[in-house]
Amino acid sequence: MGTKTRNVTKPSKMQLQKGTKVFLGVFLTIFILYGLTLILPVCWLLMNALKTSRDYLLNSSFSLPEGKLQWINFVHAFNEIKYDETSFFGMFFNSVWMSLLNIIVNIGCSTLTAYAMARYRFPGKTFLYSLAIIVQVVPIIGTGGAAYKFMANLGMVNNPMVIWLSWAGGFDFSFVVLYGYFQSISGQYAEAAEMDGASQLRVMWQVMIPQAIPAIASLMILNFITAWNNYQTPLLYMSKYPTLALGIFSFEKISPFLQNGIPVYFCSVLLSMIPVLIIFSCTQKMIMTNVTAGGLKG
Amino acid sequence: MERSEKKQRKGILSGYSKMEKKRLPFVALLLAFPILQFLIFYVYINIDSFVLAFTDRWGEFSTHYLETMINRFSAAGDNNLWMFFWRSLGQWTISILFNFPVSILFTYALFKHIKGEMFFRVLFYLPGIIGSVVFGVVYKYLLAANGPIVEMLVKIGLASEELAFHGLLRTMSTAFGSVNVFGIWLALGGNIVILTGAMARIPTEIFESASLEGVGVVREFMQLVVPLIWPTLSTLLIYQLGSISTFDFGTYLLFGEGGVNYPVQTMGYYLFLMTYNVSLGVEVANAPAALGLILTVFTVPIVLLLRWVIEKFSDKVEF
């Protein structure tokens with residue numbers, strides 16, 4: 001019996017290992033190939049960013065930079081990349097404040113909404129939750145023009161003091177993730193705090209929100225990255241306060257006509273990547289483990 | 001009157017404990033601003049958009065814009081709106097039937113601790129971190145006439161004269177295909193973050209007992225992983241349904257306003273251009289509102305039907 005079991009178990013284990021090995025081998029090959037398609041273009045960009053404009057235009061795009069590497073192009077990028085009158089640093093500053101403001105109001109409102117909906121029972125709760133899901137899932141198309149008209153009439157376009165009102169939605173994707181997260185947190189500490197006489201505000205601020213910090217922080221980082229890379233919203237609503245993403249998107253049209261041309265433009269593209277790369281590499285483990293853990297359970 | 005109001009209030013709150021009633025003002029305080037924001041920036045704007053679709057530029061009742069848009073669905077030439085719709089639908093289908101399953105398989109391979117797991121995890125999320133603008137710029141230059149890909153095609157004799165002169169994106173026959181490749185290329189790693197979390201939540205005992213029973217990797221994926229993460233998969237799918245008629249792989253990013261000169265316009269691109277033109281003051285908001293209303297009318301039933309089908313497959317797995 002023992003022998004029989006061993007005979008049955010051993011080949012099946014071997015088969016399993018073999019199957020997994022083949023699967024992982026195939027995917028490793030695919031991953032390397034796909035990974036190369038993501039890495040090589042960035043390397044190509046760097047290689048060509050260090051060329052002179054003449055070198056870039058006349059020689060093969062595969063060729064290494066002719067003569068001295070043009071690190072000076074990065075300095076030129078700081079000095080020459082402009083969107084209207086806004087310098088590279090100006091665009092950088094706009095990207096920072098807009099992304100920060102965006103995450104504060106957006107995640108702030110989503111947190112409050114998700115907390116109230118997940119923790120409390122109140123009349124209309126089911127209706128509100130269904131509404132929040134329906135508006136995200138059922139498409140109403142073509143309202144961009146009406147939204148622009150409305151915001152322009154209220155003087156919100158190109159107005160940093162009030163533009164945040166349009167970002168302060170409490171019923172978006174972050175709400176869905178945080179709602180799930182708050183539901184998964186035990187209410188025991190909150191109840192104990194309430195018994196000790198803590199106010200609802202204190203329970204929320206000092207007991208419940210600290211427990212949701214991993215999810216809130218991860219969503220903040222993801223939203224920051226999205227806001228940093230968003231060029232369409234600033235193009236439509238904040239064109240007088242161009243961000244780096246908008247600047248890079250728009251500058252491409254005029255880069256060939258500048259003295260140092262396309263290589264300098266490539267430098268600005270590379271420079272714009274640095275802040276989000278740093279933020280993501282410092283926080284990627286937290287994001288990977290926290291965004292979805294309580295998240296999208298249907 | 002007052003008494004009946006009191007009675008009604010009592011009715012609404014019957015079944016609530018004293019504690020719960022005491023908490024209600026706080027709940028109202030928390031929800032007041034988000035609800036007000038929602039009423040203004042969603043409800044009002046949608047109603048206004050609906051009204052705009054039925055008025056002319058002076059605010060008088062008119063079906064001019066609706067009729068214009070309906071006629072453009074049967075217009076001859078490159079500006080036919082059906083063409084834009086089919087392109088959006090095609091890209092949406094690629095995204096659902098190719099990108100989505102591939103991203104699930106990628107996540108599963110990472111979940112099985114493939115060599116270099118952490119490196120690939122970060123690498124595949126790179127387009128999400130660096131942003132589509134940067135990748136869009138890189139892609140445009142890679143496919144340009146003096147870029148490496150066209151240079152390679154010329155060397156091996158596969159480039160036509162037009163392609164060698166204009167590059168892949170600016171050649172009529174390759175422009176749309178190039179946009180599609182861009183969309184596929186960037187989005188393969190798209191859902192890895194969310195799916196990683198979903199797979200990580202599957203109890204390890206399930207895999208251990210499957211392994212003891214000699215379940216192979218394909219069976220484990222098809223019969224264990226997919227059903228167990230189905231709630232997440234269905235949610236992601238349902239979220240993506242909404243973009244069925246306006247899906248776009250980044251045409252504006254790759255072409256700017258110049259896309260109108262190439263056979264690459266999708267409904268999403270066209271609607272964005274209209275909104276952009278509204279912001280420049282060269283278009284009135286009535287036109288996108290009218291087109292949006294037409295699209296909404298025939299998209300919503302499709303979305304609801306597909307949503308119903310997806311939910312039918314959901315088993316409400318709890319673990």
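Buried area is the accessible area, taken with a 1.4 Å probe, that two parts lose on being put together, summed over both. The exercises below apply this and similar terms to a predicted model.

**Exercise 1. State how much area is buried between chain A and chain B, and how many residues each chain gives to the contact.**

Step 1. The area buried between chain A and chain B is about 9300 Å². Carbon and sulfur atoms give 75% of that area.

Step 2. Chain A brings 101 residues to the contact, and chain B brings 109 residues.

**Exercise 2. Find the salt bridges and polar contacts across the interface, then describe the side of chain A that touches chain B.**

Step 1. Three salt bridges are found across the interface of chain A and chain B. One of these joins Arg23(B) to Glu194(A). The closest N and O atoms of Arg23(B) and Glu194(A) are 2.9 Å apart, and the cut-off for a salt bridge is 4 Å.

Step 2. Polar contacts across the interface of chain A and chain B number 14 residue pairs, both residues being at pLDDT 80 or more.

Step 3. On the side of chain A that touches chain B, the largest share comes from helix 1 (residues 2-49) of chain A, with 19 residues. Sorted by class, that side has 70 nonpolar, 24 polar and seven charged residues.

**Exercise 3. Classify two aromatic pairs of chain B and say which helices they link.**

Step 1. Over all chains the count comes to 63 aromatic pairs. For Tyr108(B) and Phe221(B), the ring centres are 4.9 Å apart and the planes stand at 45°, so the pair is tilted.

Step 2. Tyr108(B) belongs to helix 4 (residues 81-111) of chain B and Phe221(B) to helix 13 (residues 217-228) of chain B, so the pair ties together parts that are 113 residues apart in sequence. Tyr108(B) and Phe221(B) are both buried.

Step 3. The rings of Phe111(B) and Phe207(B) have centres 5.4 Å apart and planes at 55°, so this pair is tilted. Phe111(B) sits in helix 4 of chain B and Phe207(B) in helix 12 (residues 204-212) of chain B, 96 residues apart.

Step 4. Phe111(B) has a relative accessible area of 23% and is partly exposed, because the buried class ends under 20%. Phe207(B), at 12%, counts as buried.

Step 5. Tyr108(B) and Phe221(B) also belong to one aromatic cluster, whose members include Phe23(A), Phe27(A), Phe31(A) and Tyr34(A) of chain A.

**Exercise 4. Decide whether helix 11 of chain B is largely enclosed or open.**

Step 1. Helix 11 of chain B covers residues 192-200. Its buried residues include Ile192(B), Leu195(B), Gly197(B) and Met199(B).

Step 2. Eight of the nine residues of helix 11 are buried, so the helix is largely enclosed by the rest of the structure.

**Exercise 5. Describe chain A and place Asn59(A) within it.**

Step 1. Chain A has 14 helices and zero strands. Of its 298 residues, 53% count as buried.

Step 2. Asn59(A) is in the loop between helix 2 (53-58) and helix 3 (72-80) of chain A. With 29% relative accessibility, Asn59(A) is partly exposed.

Step 3. Leaving out residues up to four places away in sequence, Asn59(A) touches Arg54(A) and Glu66(A). The side chain of Asn59(A) also makes a polar contact with the side chain of Asp55(A), at 2.6 Å.

Notes: Residues numbered from 1 in each chain as written. Chains lettered and ligands numbered in written order. Heavy atoms only, no water. Contact = heavy atoms within 4.5 Å. Salt bridge = Lys/Arg side-chain N within 4 Å of Asp/Glu carboxyl O. Polar contact = N/O pair within 3.5 Å; in protein donor to acceptor, adjacent residues only side chain to side chain. Helix = DSSP H or I, 4+ residues; strand = E, 2+ residues; numbered from the N terminus. Nonpolar A, V, L, I, M, F, W, Y, C, P; charged D, E, K, R; others polar. Phe/Tyr/Trp six-rings, centres within 6.5 Å; stacked < 30°, edge-to-face > 60°. Buried < 20%, exposed > 50% of the residue type's maximum accessible area, 1.4 Å probe, protein only.
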